[in-house]
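Reader: I'd like a close look at the spot where the ligand sits. Could you walk me through it?

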Amino acid sequence: MERTFVMVKPDGVKRGLIGEVIKRIEQKGLKIVAMKMMEVSKELAEKHYAEHKEKPFFQSLISYITSGPVVAMVVEGKEAVKVMRNLVGKTNPIEASPGTIRGDFAMDIGRNIVHASDSLESAEREISLFFNEEEILSYERADEKWIYEEA
Ligand code: UDP
């Protein structure tokens with residue numbers, strides 16, 4: 001089982017889409033093992049998006065992500081990184097397929113509702129930026145045996 005980091009960004013929170021994002025994660029069969037609503041400090045935002053430091057959109061990205069509450073999550077499941085990226089859709093919502101979160105709810109690359117880690121290494125790094133080990137919980141979903149053939 002893999003873990004990935006997911007965040008409903010400030011536009012997702014302010015547009016009332018927290019439930020929509022959580023619903024899609026749960027209905028797919030992924031398990032939410034940590035979750036909190038919080039504000040992202042400038043410092044944390046800059047660490048989280050460090051790979052984009054030199055990009056022209058970096059400053060607007062930092063002000064977007066610090067502009068209001070977010071909902072941060074750790075999501076667990078088989079190939080969770082890939083599965084979550086597929087649920088989220090392409091970075092530019094114009095290109096994102098219908099059926100994905102960005103494809104169904106967004107129009108602008110700078111307002112794309114949700115973040116999901118793009119690799120296992122990013123997932124580990126991002127999870128440790130946002131959560132302590134004690135905040136990540138372990139439990140069984142009642143339907144696990146019907147989601148995975150070998151559960
Ligand atoms: N972003 C932007 N303009 C761009 C590219 C990216 O505002 O031209 C923002 C957008 O919010 C995106 C985030 O920067 O989600 C991180 O970019 P990345 O390429 O890592 O996309 P993601 O992994 O979020 O799909």
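Author: Sure, let's start with the backbone. A polar backbone atom of Ile-109 lies 3.3 Å from an oxygen atom of the ligand, which fits the cut-off for a polar contact (a pair of N or O atoms within 3.5 Å; within protein, one must be able to donate a hydrogen and the other to accept it, and residues adjacent in sequence count only if both atoms are side-chain atoms). Before going on, a word on the model: it's a predicted one, where local features need pLDDT of at least 70, side-chain atom pairs count only at pLDDT 80 or more, and totals for chains, interfaces and linings use all residues. Residues are numbered from 1 along each chain as its sequence is written, and side-chain values use heavy atoms, with hydrogens and water left out.

Now for the side chains. Lys-9 has a side-chain N or O atom 2.9 Å from an oxygen atom of the ligand. Arg-102 also takes part, with a polar side-chain atom 3.0 Å from a ligand oxygen.

So who else is around? Lys-9, Arg-102 and Ile-109 belong to a list of residues surrounding the ligand, each with a heavy atom within 4 Å of it. That list also includes Tyr-49, His-52, Phe-57, Leu-61 and Tyr-64. Further along the chain, you'll find Arg-85, Thr-91, Gly-110 and Asn-112 around the ligand too.

One of those, Arg-85, falls within helix α5, which spans residues 80–88; helices here are DSSP runs (H or I, at least four residues), numbered from the N terminus. Over in that helix, Val-83, Met-84 and Leu-87 meet Arg-24, Ile-25 and Lys-28 of α2, contact being heavy atoms within 4.5 Å.

Definitions and conventions. Axes are lines fitted to C-alpha atoms, for helices over the stretch in contact, and angles run from 0 to 180 degrees between N-to-C directions. Helices (H or I, at least four residues) and strands (E, at least two) are DSSP runs, numbered from the N terminus.
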